[in-house]
Amino acid sequence: MLHGGIVASVIDEAMGIMMWLNLEREREMLEARASKGLADGENPNRVGSFTATLDTKFLKPILTPGSFLVTARYLKKEGRKTWVGAKIKQHQKQGETVCATGEALFIEPRASKL
C-alpha cells in the first residue's frame with residue numbers, strides 16, 4: 001500500500017501543478033492583451049499561490065505496485081484565496097475506485113510581502 005504521507009503529497013502536488021499551469025496560461029493571456037494595449041494595471045509578475053491548508057481523506061488503500069489517476073479542479077475563488085479539490089482513483093478488482101480525496105486552500109501572497 002502507498003503510505004498516507006505520500007498520498008497527501010501527491011494530492012497537494014497535483015493541485016499545485018494545476019494552479020501553476022493556470023497561472024502560466026493567465027500570464028500568456030495578459031502578455032497578449034498587453035501587446036495590444038489592453039492590460040490596464042494588471043500584474044504579470046504574480047508568483048502564484050501556496051498551500052495554506054490541506055484536508056486529505058483516505059477512503060481505500062492505494063495498492064502497489066500499480067498505477068493511479070489524480071485529478072484536480074477549482075472549487076471557488078475569493079480574492080487571493082482559491083479552494084481546490086482533488087481525487088486519486090485506482091482500477092482495482094471491483095472496478096475504478098476513489099481511494100483518496102483532498103481539498104486545499106491556496107493563498108496568493110500580497111505583492112508587498114514579496
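**Entry 1: the parts list**

How many helices and strands does the protein chain have? I started there, and I kept in mind that this is a predicted model. My tally for the protein chain is 1 helix and 4 strands. Then I read along the sequence to get the order, and the pattern came out as α-β-β-β-β. I also looked up how much is tucked away: of the 114 residues in the protein chain, buried ones make up 26%. The chain exposes about 7700 Å², and 55% of that comes from carbon and sulfur atoms. Next I checked the contacts between residues at least 6 apart in sequence, and 63% of them join residues at least 24 apart.

**Entry 2: helix 1**

Helix 1 covers residues 4-35. I wanted to see whether its length made sense. With 32 residues at 1.5 Å a residue, helix 1 should span 46 Å, and its end C-alpha atoms are 47 Å apart, so the two values agree.

Which residues of helix 1 are buried? I noted Val7, Ala8, Ile11, Ala14, Met15, Met18, Met19, Asn22, Leu23 and Leu30. Then I looked for what covers them, and the cover includes strand 1 (50-58), strand 2 (69-78), strand 3 (81-92) and strand 4 (95-107).

I also found a nonpolar patch on the surface, formed by Ile17, Trp20 and Leu21. Together these residues have about 320 Å² of accessible area. I followed up on Leu21, which sits in helix 1. Is Leu21 buried or partly exposed? Its relative accessibility is 48%, and the partly exposed class runs between 20% and 50%, so Leu21 counts as partly exposed.

**Entry 3: how the strands pair**

I traced the partners of strand 4. Strand 1 pairs with strand 4 in the antiparallel sense, over 8 bridges. For one pair of residues, I looked up Phe58, and its bridge partner in strand 4 is Ala100.

Strand 3 also pairs with strand 4 in the antiparallel sense, and here I noted 12 bridges. Ala86 has Gly102 as its bridge partner in strand 4. What joins strand 3 to strand 4? I found a hairpin, and the link runs through 2 residues.

**Entry 4: a cis peptide bond**

I went through the loop between strand 1 and strand 2, which is where Pro65 is found. The peptide bond joining Thr64 and Pro65 is cis, with omega about -10°.

**Entry 5: salt bridges**

How many salt bridges does a search of the whole structure find? I got 3, and I took them one at a time.

- Lys57 and Asp55: the closest N and O atoms are 2.9 Å apart. Lys57 is partly exposed at 43% relative accessible area, and Asp55 is partly exposed at 42%.
- Lys76 and Glu78: their side chains meet at 3.6 Å, N to O. Lys76 is partly exposed at 43%, and Glu78 is partly exposed at 46%.
- Glu96 and Lys89: the closest N and O atoms are 3.7 Å apart. Lys89 counts as partly exposed at 25% relative accessibility.

Why does Glu96 count as exposed? The exposed class starts over 50%, and Glu96 has a relative accessible area of 58%, so Glu96 belongs there.

Technical notes: Residues numbered from 1 in each chain as written. Predicted model: local features only at pLDDT ≥ 70, side-chain atom pairs only at ≥ 80, totals over all residues. Heavy atoms only, no water. Buried < 20%, exposed > 50% of the residue type's maximum accessible area, 1.4 Å probe, protein only. Contact = heavy atoms within 4.5 Å. Areas by Shrake-Rupley, 256 points an atom, 1.4 Å probe, with all protein chains shown as cover. Patch = residues over 30% accessible without salt bridge, like charges linked within 9 Å, V, L, I, M, F, W, Y side chains within 5 Å. Salt bridge = Lys/Arg side-chain N within 4 Å of Asp/Glu carboxyl O. Expected span 1.5 Å × (residues − 1). Pairing = 2+ DSSP bridges.
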